[in-house]
Amino acid sequence: MPDQHALRSELGDFSSIVCFRAVVTGIEDALGQRAATIALMAAGRSRGKQLARELGLSGIANDLNAIAATMNEVLGVRGTRLCIIDKIESAGRDRLLVYCRETVCSADEPQGSERQLSYTLGAVQGVLEEVTGKRLRGRQTASVLRGGTHDVVELTPLT
């Protein structure tokens, strides 16, 4: 993790969820929800791949617990605070489930909201694509906004 003030000497390297959410809703207003979701997922995916390369995780898909711990370190409380990654588990042949909470995408959304993960899903997907060396398809299968204990991202290889 870079020094706390590597990018901005006075304000530090973090901005507010309120501002990030304003970017998301502004993009949705300008492009429509579907195009905005695609753009935000692509941006997250790009960031996730870059992050995995910086951490030296490329192609080391053998220990999901270690990968989850590393991802949580850089994305969680001691990192960028994008989300907390509690675990990654293998679910059948070539399927991964990533259990996230306190995601930036779900922050301040009312219970019952239909909001889906976009940037967060893309970032998780990008890291795991770089780790596994496979192009993956990500989708959200559970949400804290709709009764889940976690925002769960399911990743499957593209065929």
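The questions and answers below walk through two helices, a nonpolar core and one loop residue of a predicted model.

This is a predicted model, in which local features need pLDDT of at least 70, side-chain atom pairs count only at pLDDT 80 or more, and totals for chains, interfaces and linings use all residues. Residues are numbered from 1 along each chain as its sequence is written, and side-chain values use heavy atoms, with hydrogens and water left out.

Trainee: How far apart are the end C-alpha atoms of helix α2, residues 33-54?

Mentor: Helices are DSSP runs of H or I with at least four residues, strands are runs of E with at least two, and both are numbered from the N terminus. The expected span of a helix is 1.5 Å times one less than its number of residues. For the 22 residues of α2 this gives 32 Å, which agrees with the distance between its end C-alpha atoms, 31 Å.

Trainee: Within what arc do the buried residues of α2 fall?

Mentor: Buried means under 20% relative accessible area, exposed over 50%, and partly exposed in between, with a 1.4 Å probe and protein chains only. In α2 the buried residues are A36, L40, G44, G48, L51 and A52. Seen down the axis, they line one face of the helix, because the directions from the axis to their C-beta atoms fall within an arc of 130 degrees.

Trainee: Which exposed residues does α1 carry on the face turned away from its buried side?

Mentor: In α1, the residues R21, V24 and E28 are buried. They cover an arc of only 55 degrees around the axis, which puts them on the same side of α1. The face turned away from that side carries the exposed residues V18, D29 and A30.

Trainee: Which element gives the largest share of the largest nonpolar core?

Mentor: A nonpolar core is a set of buried Ala, Val, Leu, Ile, Met, Phe, Trp, Tyr and Cys residues joined through side-chain atoms within 4.5 Å. This core has 28 residues, and M71, I85, I88, V98, V124, L128 and L155 touch the most other members. Two or more residues come from each of α2, α3, β1, β2, α4 and β4. The largest share, seven residues, comes from α4.

Trainee: Is G133 buried or exposed?

Mentor: G133 is found in the loop between α4 and β3. In sequence G133 and S58 are 75 residues apart, while in space they are 7.1 Å apart, C-alpha to C-alpha. Because its relative accessibility is 64%, G133 counts as exposed.
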